[in-house]
Amino acid sequence: MAVVDWGLIMAAGVMVTMADHSMGAAAQSLAPEGYFVLTAELSTQLLRAAQGEALECEARVLKPGRQVCFTEADVYALQGERRVHVARASATMALLASRPG
């Protein structure tokens, strides 16, 4: 969770970065040993202005693969007890073998 208390509207870049990072972590959790993931394609839909005390992101892997992994994320603004859906993102993550040495 990223805490950002501007008292106004949170920047779209914060939401996109949070979604991308979370999707990458989800994909990395399923990557084979010796591989790392890199964002190959990213699409984000901003659903409404993100007003609130903090942001929360949930990411998941839709389809893991040997060379690419398809992911999706939802970003929520926390407004007291309310959780408001503010963005949805999808990404294709490329799996790359680590170079020795």
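**Exercise 1. Determine what share of the contacts with a separation of 6 or more comes from residues 24 or more positions apart, and find a pair that illustrates such a separation.**

Solution. In this predicted model, residues 24 or more positions apart account for 65% of the contacts in the protein with a separation of 6 or more. For an illustration, take Val75 and Met15, which lie 60 residues apart along the chain, while their C-alpha atoms are separated by 6.8 Å. These two residues are also in contact, since Met15 is among the residues that Val75 touches when those up to four places away in sequence are not counted.

**Exercise 2. Set out the order of the secondary-structure elements, and describe how strands E3 and E4 are joined.**

Solution. Begin with the inventory, which consists of 1 helix and 5 strands. Read from the N terminus, these elements follow the order β-α-β-β-β-β. Next, turn to E3, covering residues 54-63, and E4, covering residues 68-79, which run antiparallel and are joined by 9 bridges. The connection between E3 and E4 is a hairpin of 4 residues. Within this pairing, Ala59 is found opposite Ala73 of E4.

**Exercise 3. Decide whether Val75 is buried or exposed, and list its contacts beyond its neighbours in sequence.**

Solution. First locate Val75, which belongs to strand E4. Its relative accessible area is 1%, and because buried means under 20%, Val75 counts as buried. Then, with neighbours within four places in sequence left aside, collect the contacts of Val75, which are Met15, Met18, Ala19, Leu55, Glu56, Cys57, Val84, His85, Val86 and Ala87.

**Exercise 4. Identify the residues that touch the most other members of the largest nonpolar core, and state which element gives the most to this core.**

Solution. The largest nonpolar core has 22 residues, and those touching the most other members are Met15, Met23, Leu55, Val75, Val86 and Met93. At least two residues of this core come from each of helix H1 (12-28), E3, E4 and strand E5 (82-97). Of the elements, E5 gives the most, with 7 residues. As general background, nonpolar side chains in soluble globular proteins tend to be buried together.

**Exercise 5. Describe the protein as a whole by its span, its burial, its exposed area and its charges.**

Solution. Start with the C-alpha trace, which spans about 45 × 25 × 20 Å along its principal axes. Of the 101 residues, 35% count as buried. The protein exposes about 6,200 Å², of which carbon and sulfur atoms supply 55%. Finally, consider the 8 positive and 10 negative charges, whose mean positions are 9 Å apart.

How values were computed:
Residues numbered from 1 in each chain as written. Predicted model: local features only at pLDDT ≥ 70, side-chain atom pairs only at ≥ 80, totals over all residues. Heavy atoms only, no water. Pairing = 2+ DSSP bridges. Buried < 20%, exposed > 50% of the residue type's maximum accessible area, 1.4 Å probe, protein only. Contact = heavy atoms within 4.5 Å. Areas by Shrake-Rupley, 256 points an atom, 1.4 Å probe, with all protein chains shown as cover. Lys, Arg positive; Asp, Glu negative; His and termini not counted. Charge placed at Lys NZ, Arg CZ, Asp CG, Glu CD. Core = buried A, V, L, I, M, F, W, Y, C linked by side-chain atoms within 4.5 Å.
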